Structures are given as C-alpha cells and as structure tokens.
Amino acid sequence: MRSAFSSTPWYGGDYNPEQWPEEMWGEDVRLMKSAGVNLATVGVFSWAMLEPREGQYDFGWLDRVLEELHLGGVRVDLATATASPPPWLSHSYPESLPVTAEGVRLSPGSRQAYCPSSPAYRAAAGRLVRALAARYGDHPALALWHINNEYGCHVSRCYCDESASAFRRWLEWRYGDIDGLNQAWSTAFWSQRYASFDEVMPPRVTPAYGNPTQLLDFDRFSSDELLACFLAEKAILREVTPDVPVTTNFMGLFRGIDYWTWAPHVDVISDDLYPDPADPDAALKASMARDLMRSLGRGRPWLLMEQATSAVNTRPQNAPKAAGQMRALSYQALARGADGILFFQWRQSAAGAEKFHSGMLPHSGTDTRVWREVKQLGRELRGLGQVMGEPVPAHAATVLDWHSWWAIEQRGLPVHSTYLALIAPWHAALTRAGAVVDFVHGDEDLTGYSLVVAPNMFVATEAQLAALDAAAYAGSTVLVTAQSAIVDESLRVRLNGYLGGLQETLGLWIEEFAPLAGAWARPGFVPVRPEATIAPTIELLGELLPGGRATGVEWAEVVRVRDAEVKATFVGGALDGLPALTRRGTGKGAAWYLATRLEPDAVAALVQTMLAEAGIAITPVHDGTTAGWVETVRRGGLTFVINHGDEPVTLAIDGTDLHSGEPASGRVLAPQEVAAVVPPGSPGSSPMKQVVV
Ligand code: GAL
C-alpha cells in the first residue's frame, strides 16, 4: 500500500464546494495554494448530490472539483459520503431511521439519520462506495479514502427492531448458546432467564435498573456494529483500490466507540478535536486526545483531521480562539505525533446549520486575523518535514479501557462515577510534570514502561491483571487506584476481597467499600440533624503527601494489608488508621495501591513520587513555574515548547529556534507562542524564514 503521507505535513481541511457556485472553485484552489494547503477532504456530506435518486449517480461536478484541485497541486482525502443519507433513503426505507431507547424514531432533516444495522442503509452505502471507488480509484489527486465521518457522533446506539435482530446475532456469536448468555448475564437475578435468543431485547427503557451485563454487551455490540459498517466499506475499497490507504475520523475520548477494537483496522488514525478556547485547561485536555491517537496507532503518525480555526457553534457560548491559539494547538498535535493538521472547514459556510462555525477562509475574507494565521501555519508546516513519521518517545503509560468506562458509569453502583473524571487527573498530572504519556489497553506487554498508572480499572480481565503483575515484577512502578478489578468482563464480582490476582501483586485485599457521598450532597436533602451527617471527604496522613496530608473525595475502601508497606492512612471516622496508600516491592519493581480518589494537588505530589521511583527525570526547559501550562515535547530531533499559560516564560535550553535561527536560550515565549528548538550542532538547524503576520 502506498504511503498515506507526504514529505511535509498535510495541511488543509474539509472542502464542501457543493455549497458554493462553481465559479468560486477556481478561487478556492488559488487561495488554498497561497495558504499552503496540500490536502482537502472532499465529499463528506455529498451523498444527496452524488446520488440524487436511488441508483442515479451524478459524478460530473465531483470530477470537476477533483480536476481543479489536482491542477492546483492539492491532494484529496476523498470521503465515501455515507455519513448523511439523502432524503430518498429514509423515504423509501423508513425502517433505516434510528430509534432511541425510549422508542422514538428519529427524523431526517439533519445528518447521520441511519441505523447502523439497517440492511437498506448498508446496501445503499455499499453501492455508493463501489461506484466512487471505481470512478476515482485511479485519480492522481486521490491520497486517502475517508470512510464515512465521525461514526457514532450523533447515533451510536440504535434500539430499533433491526438492531434487536443484529444484537441477537451478535450475542449468539459471543455466547454460542442461550445457556452461555444466561450464565454471563446472571439472569437468575430478577427472573430474567431467557429460553432462546429470540426473547432477548436491546436495553430499551425499563422500569428499574437494566441487567448490567446486557447493558455492557449492548455497548460492545453497538461499537462492533458501527465497526462492521466501516469494515464493509473498507472491504469494497480494498477490493477495488488495494493500494489506497483508508481512514475514518475518531473523536478524541469519545464514549460511544471502543477505539481499541477499531484502531487495528484503520490505516491512518485520524482525530477531530474542538478544545474550548474559553477553558483554561483546554490544551491540557487536548493533550490527552493527542496521546490517545498516537497510542491507538501504537506510535504510528496520525492525522488531526478536524479542528476549528476559531469558534465552533456547538456550545451555548462559542468563544473565538485567542490570537495564536490555533497555531499553539496545532503544534501540540504535531509534537504529539500528528503528521497532518486539518480543519473543519475550508470556507466558512454562508448557510446551513454550521454557518457560524469558523473556517480557514472566514466570512469576512482574507483581510482577517484568522486567514493570516492560517497562512502563517501553512507556511511553517512546509518547513517541518523533519518530524514526518518520527516517533514520540513516552515516559509512562496510563490504562484506558472502554469496558470500564461503560460499566463504571452504570446505575446501581456504590457511587456514581464519570470515568474520564477519574482518568484525566492522572494524565494531567503526569503531563504537567513533563512526562509524555501513552495510553494502553492494559493487557499488552507493559514491561517496557518504567511507570504504569492504572486508574479505576473497574472491569479487569485476567490478561490485564497478568500484564500489570508482569510489569511490576519486571521492574516497572505500577500504581493501581481504587475501584479496580472489582468485576470481571461479565461484571461478576471478584469475590473474596475483589482485585483478583492483583491481591498478590499488591499484597492486600478489600474488605468493603466506604463511599463518601455526603448526605447534604444529595438533592433535596433536609438537614434535620446536621451533626449526624457524613463527611463527603476523608483526610489522609502520610509523608509522601503534600504537607503530609491530603483529602480523599467520593470514594474510600477498607483495605486489609497482607504484605505491603502502608505509606498513608485515613484519619478520623470509621476508617481511622486504615491504609489509604500502600506500596509493595515486587521483583525488580513496585506495586502501589491508592484506596481513594485524591484532589489534584495530591495527585500531582504522588505522580512526582512515582516518577522519581521509576527513575524518570525531567529537566525543565523554561523558568515558568507559575505561569500556567508550558508544554514541552520532543519529536524528530526538535524540542517543541508551547506556552499555553497566560504569562510569558523564558526559555532555558541550548540550541536554536527553528523559526528565527536565533539561540533559544533566553527567548521570552509569550502566551500562545511556540518554539521549535533545534539541538546544538544539528544538521537540520538552518532557520525557517521569519513569517510576519
Ligand atoms: C464534526 C463534523 C464536522 C463538523 C464539525 C463542527 O463533528 O465531523 O462535519 O460538523 O464537527 O465542529
């Protein structure tokens, strides 16, 4: 298969010429060239234009668009256009429309109005993909196939009758016979025993809590069902155009789809990410998605397929990006493994549902800040060929698993949890400390990481437990946090102290849970006897904690130590004196356990301890200790320093600034500014031309 990338990073965005008169297409391409655009994603929402009536194709306009782009030297990421079925599909096949858990059939008139299991949708999509592949497979502009668009973005679960049939087939495949299902779903509980697969339903709205394993299996099925749509399109494209790589755009930390199961099937991982410019932690949160994309591809370069040049129109208040913020976030993606920076969309729409969403070419044209920033970035990226294909070495690994995500957010658990709120603080603390973090599924070989953090791994398979154990024995520092390995993959409790095999690794077991939900935290609580209410937090004491103390929130466990050092204890209340943080030396490494959820300063302190024990030393390259987050990442021989804070910092790093050719040390990096530092004596250290905006 040919390479999905070029010698310099891809730069461009979604191009929707069908929204504009044909006379403007030439100007589009001329402006693209002046902005350094070398890749356009075409046809994402063009199905109704390409097939105005069932079976009647109109490719003439797309022929002309591709020709225009080709003559202008712009390559094409050609969409299969199946993300938004045309009105005729739901008119002729109303059963292809998706149905919610409440039984509401969704209407056409926006986009993504299809049931992933619908045979009519799949057949029509397949015909269109085959026609596109046959027509454009040899087109010289074609660089990449863009299958569908943001699978599951609006409809990731469908509860219609066709989905019900598909769910039953999936369950038969998974369990073989109905006894297997009854066993896995523990249907002896609440009289749910099934006599045959025909009786099984998708988890539509029920009077009380649904069967937990049924819910989890429906999450798994729904992810697999969308994957089946992707694979069906991919199979056609592979058959007709075996050399052309395929991608589909992921959506960062998107709950609906288990991207671990998808990633091996996607030639190029790509991502759409819209950090909120009004969120001071936007860049830190964005780094998590960038790290996930790199990790999904096991280090392969990925594509930032969509971002906004400025504001989106999807939030209640849509702040524009600050001057330089788009560039700073683009460099972040590049530094963290992206080999292309693209946007939604090229020309800001004049009509339709997204007309107030920014574009590369704004409503007000080229005499605008956004356009100048777009041109500057395009020009700079052309000078960054040296990062192409280069890996991003990571310091640590964090376990992220959709099964735990789905299961820990179910009802009927000791506390209500939001999975990402449990994972993100660990990634954020490691990242703020300057460590580059890979995400891992947890069942792969982890022994190459000197530090592995496994937060709230609620559902744990035997393979995950074994991988953590192996890493700890081989020399890694492994930190497992509370609420881990409580259930197996069928959501059956790991009896006799939870944790399964990790009891050995960690040298402890859990006697019971002690959730910290304070009575006054409950809506409608009336404090008749306030002195009798339960504290919603718990204090910890231990030398490793900042100032020797920390606060646990929401969750605590009664830990029974067999063979581990107690590094911190709970103070006060029923848990007074019981272990809160433990460490057990394991072979060449160590296994730590934290029996609560810590506030951010304590997470940061603990992360420092873990990094030190793992032998990970990170030297700061600037003096900015209090100025918000200054990101430092190394890739392709360059050190990228990006100031996401709101105060300037001064660089303290040898080498030259790639953009100016000046020595990097002593350079004052203003907020949103970026330095790409070439090490001293590096052959590729000729300066880029200074670009004046
Ligand atoms: C994405 C989508 C684009 C556009 C964009 C706006 O979800 O793929 O088509 O809608 O969001 O932010």
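How many nonpolar, polar and charged residues are in the lining of the largest cavity? Some notes on that and on the rest of the empty space, bearing in mind that this is a predicted model.

1. **Largest cavity.** To take the opening question head on: the lining splits into three nonpolar, four polar and two charged residues. The residues themselves are P116, S117, S156, R157, C158, S163, F221, S222 and E225. The volume comes out at about 50 Å³. If you want to find the spot by secondary structure, start from α8, which gives the most to this lining, with three residues.

2. **Second cavity.** The structure holds two cavities of 30 Å³ or more, and the second largest has a volume of about 40 Å³. Around that one sit F45, A83, R111, Q112, N149, E150, C153 and H154. By class they are three nonpolar, three polar and two charged. Keep F45, R111, N149 and E150 in mind from this list, as these four names come back among the residues surrounding the ligand.

3. **Ligand shell.** Which residues surround the ligand? The full set is F45, R111, N149, E150, D272, Y274, E306, F344, E354 and H357. Sorted by class, the shell has five charged residues, three nonpolar ones and two polar ones.

4. **Polar contacts to the ligand.** Three are worth having on screen. In the side chain of E354, an N or O atom is 2.4 Å from an oxygen atom of the ligand. For H357, a polar side-chain atom lies 2.8 Å from a ligand oxygen, and for R111 the corresponding distance is 3.0 Å, again to an oxygen of the ligand. As for cover, the ligand on its own exposes 310 Å², and the protein buries 94% of that.

5. **A cis peptide beside the shell.** F344, one of the residues around the ligand, is joined to Q345 by a cis peptide bond, with omega at about -5 degrees. Most peptide bonds are trans, so this one deserves a look. Q345 is in the loop that runs between β8 (338-343) and α12 (369-382).

6. **Positive phi at L491.** The other backbone oddity is L491, a residue other than glycine whose phi is positive, near 70 degrees. Most residues other than glycine have a negative phi. You'll find L491 in the loop between β12 (477-481) and α16 (502-506).

7. **Largest pocket.** How much space lies in the largest pocket? About 1,200 Å³. Its lining takes in 49 residues, and those closest to the centre are G210, N211, P212, L215 and Q410. Two elements give two or more residues to the lining, α8 (212-240) and α13 (402-408). Of the elements, α8 gives the most, six residues, and α8 is also the top contributor to the largest cavity.

8. **Make-up of the pocket, and the domains.** By class, the pocket lining has 28 nonpolar, 13 polar and eight charged residues. Where do these residues come from in terms of domains? Domain 1 (10-155 + 225-387) and domain 2 (396-614) each supply at least three of them.

Technical notes
Residues numbered from 1 in each chain as written. Predicted model: local features only at pLDDT ≥ 70, side-chain atom pairs only at ≥ 80, totals over all residues. Heavy atoms only, no water. 1 Å grid on protein atoms, 1.4 Å probe; cavity = no way out; pocket = protein on both sides within 12 Å on 5 of 7 lines; lining within 4 Å. Points joined across faces, edges and corners; volume = space filled by probe spheres on them. Helix = DSSP H or I, 4+ residues; strand = E, 2+ residues; numbered from the N terminus. Nonpolar A, V, L, I, M, F, W, Y, C, P; charged D, E, K, R; others polar. Domains from an automatic or database assignment. Near = heavy atom within 4 Å. Polar contact = N/O pair within 3.5 Å; in protein donor to acceptor, adjacent residues only side chain to side chain. Areas by Shrake-Rupley, 256 points an atom, 1.4 Å probe, with all protein chains shown as cover.
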